[in-house]
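Me: Please take a close look at one part of this model, the core and what surrounds it. Keep the answer connected and the sentences short.

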Amino acid sequence: MALVEDNADFDAANGIIDSETPPHTDLAAQYKRSFAYYTFRVRLPSTLATIADSLANKDELLPTYGADAASDIDQTAAAVLELRSNILKNGPLEPFNDTEADVATWNAFLDKLDKDKRTYFSACWLYAECYMYRKLWSIFSLSRLAGFDYFRKQKQTAAQLSLDAMVAVANATRRSERNLSTFQQLLKLNLWGNRCDLSITSGKQVKPMGDAFDQVAELDSNLLVDGTQAIWQSLVSADGNGTVEIVFDNAGYELYTDLILAEYIIDKGLAQKVRFNAKAIPWFISDVRADDFHWILKFLSGQASPVLSELGKKLKRFVDEGKFELAPLEHFWTSPYEFYRMAEVQPALHERLSQAQLIIFKGDLNYRKLLGDYSWHDTESFVTCLRGFQPSNLCTLRTIKADLVCGLPAGISEQLFAKNKEWMLTGEYGLIQFASK
Ligand SMILES: O=P(O)(O)OC[C@@]1(O)O[C@H](CO)[C@@H](O)[C@@H]1O
């Protein structure tokens, strides 16, 4: 974490506590030595400033939105900067006034929050950060730029930058065996693909370098929990006619590794269908939306490299044949709710997931939602921390980028803290945790 400029007046006026998050407490930016505090003081303001800056160049937008959209674009940029300044002032989480499908759910959620926990720094980190991304969408949806994906360009650039890595991975995976060790390699490849997310760097590009499978081997000692064998068992013990649900995280290289894993699951008869769950709105910068999914299939098919273009065509065929499926648009994934509340809040989704042979949750934010942004003790069991959310066999592939974790063997986190007190923020360590139905 880079140093945050000290602001004693702000801290005193907003009840900021100079400590880490106490044990068994909701994570919140109220704790000065937490990643949440850094997120609201530095990362999110930087993300918003970048969006406002990008609107200054109207050349790309005017052909789509019309020459008379110029003043609307300026107003949108101003509203984004106002959101930024509200965050920096610890403003309230106000109800939404747009006409999007999830407004009532969001407003009901906000209404139930305690009044003293309804600002950016006092609210549970998960709620406040999700609110920020939803508020951004609201600003755009109230303007002529409604529907514009302000992160699209970054997501597509990230994919372009990964081309070499994609070719190497495709070449290495064309002739693979149906066995535990190959499956483990692909799960781990997919796990470490999560290191490239753009929200951790406030949008700065991260290019995957070197041989991905060499890195999988090198990073093995950084994999703190390895549930790959149990995940394999959950698939091979079934008849192969089931569905695997993947809850996406990031577009670009990570999405590509999701597709490589999904291709293997289909090719080796581990399931009949892989269903992908994308985000309904631009989310945490690089999260996959339906458009990003369709785009990458075209992007791969259109590559000069034969291995990539053939792969792209094959994956598109999987979509046409129903072996790959995009789940219907689901606002629950871009709600503030922790997953343990899914059964109550979105029973139909819970029911759908309960039909799956396996659910794979990708990335750090999904992990935060599984655990509910809470400072669990690092050795508490994964199942305890799921708080009853076990619709089916589920696993999480997560590189650790936020200060919460569970299910570690005793003594590990003490060793890692002794080496680097910010070890949970670097994305160098990973977890593959599994919970059976
Ligand atoms: O979900 P992802 O892409 O793995 O990570 C999202 C992320 O960058 O954003 C969150 C905070 O903004 C952090 O928890 C995490 O580091």
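Reply: In this predicted model, the largest nonpolar core holds 90 residues. F40, Y120, L136, W333, F361, L371 and F382 touch the most other members. Helix α6 gives the largest share of this core, 12 residues. Domain 1 (8-142) and domain 2 (153-435) both give residues to it, so the core lies between them.

Take F40 to begin with. F40 sits in helix α2. Its relative accessible area is 0%, so F40 counts as buried. Leaving aside residues up to four places away in sequence, F40 touches A29, P45, I87, L88, Y120, F121, W125, A128 and E129. Y120 is also among the core residues that touch the most other members. The C-alpha atoms of F40 and L370 are 22 Å apart, with their positions 330 residues apart along the chain.

L370 leads to F361, another of the core residues with the most member contacts. With residues up to four places away in sequence again left out, F361 touches V247, W333, F339, N366, L370, F389, L394, C395, T396 and L397. W333 is in that contact list, and W333 is itself one of the core residues that touch the most other members.

A second core is separate from this one. That second core has 56 residues, including V169, L300, V307 and L308.

Now the domains. The chain divides into domain 1, residues 8-142, and domain 2, residues 153-435. Their centres, taken over C-alpha atoms, are 26 Å apart. Domain 1 brings 27 residues to the contact, and domain 2 brings 31. Interface size is often stated as the accessible area lost when the parts come together. Here the two domains bury about 2,600 Å² between them. Carbon and sulfur atoms account for 60% of that area. On the side of domain 1, H24, L126 and Y133 supply 24% of the area buried against domain 2. No other three residues supply more. The interface also has 2 salt bridges.

H24 deserves its own look. H24 lies in the loop between α1 (8-13) and α2 (35-56). Its phi is positive, about 50 degrees, although H24 is not a glycine. At 42% relative accessibility, H24 counts as partly exposed.

R33 lies in the loop between α1 and α2 as well. R33 is partly exposed, at 46% relative accessible area. R33 and S19 are 14 residues apart in sequence, yet their C-alpha atoms are 5.3 Å apart in space. Not counting residues up to four places away in sequence, R33 touches D18, S19 and E20.

F284 also has a positive phi, near 45 degrees, and is a residue other than glycine. F284 is in the loop between β3 (273-277) and α13. F284 is buried, with a relative accessible area of 5%.

Back to α6, by way of helix α5. In α5 (residues 103-112), the buried residues are V103, W106, N107, F109 and L110. They span an arc of only 155 degrees around the axis, which puts them on the same side of α5. A104, D111 and K112 are exposed on the other side. The buried residues of α5 pack against α6 (125-141). That is the helix with the largest share of the largest core, 12 residues.

Helix α7 (residues 152-161) can be read in a similar way. Its buried residues are Q154, K155, A158 and A159. Down the axis of α7, these fall within an arc of 140 degrees, so they line one face of the helix. The buried residues of α7 pack against α8 (163-173) and α13 (290-301).

One salt bridge closes the tour. The side chains of E60 and K153 meet in it, at 3.0 Å from N to O.

Definitions and conventions:
Residues are numbered from 1 along each chain as its sequence is written. This is a predicted model: local features need pLDDT of at least 70, side-chain atom pairs count only at pLDDT 80 or more; totals for chains, interfaces and linings use all residues. Side-chain values use heavy atoms; hydrogens and water are left out. Buried means under 20% relative accessible area, exposed over 50%, partly exposed in between (1.4 Å probe, protein chains only). Helices (H or I, at least four residues) and strands (E, at least two) are DSSP runs, numbered from the N terminus. The arc is that of the directions from the helix axis to the C-beta atoms. Contact means heavy atoms within 4.5 Å. A nonpolar core is a set of buried Ala, Val, Leu, Ile, Met, Phe, Trp, Tyr and Cys residues joined through side-chain atoms within 4.5 Å. Domain bounds come from an automatic or database domain assignment. Buried area is the accessible area (1.4 Å probe) that two parts lose on being put together, summed over both. A salt bridge is a side-chain nitrogen of Lys or Arg within 4 Å of a carboxyl oxygen of Asp or Glu.
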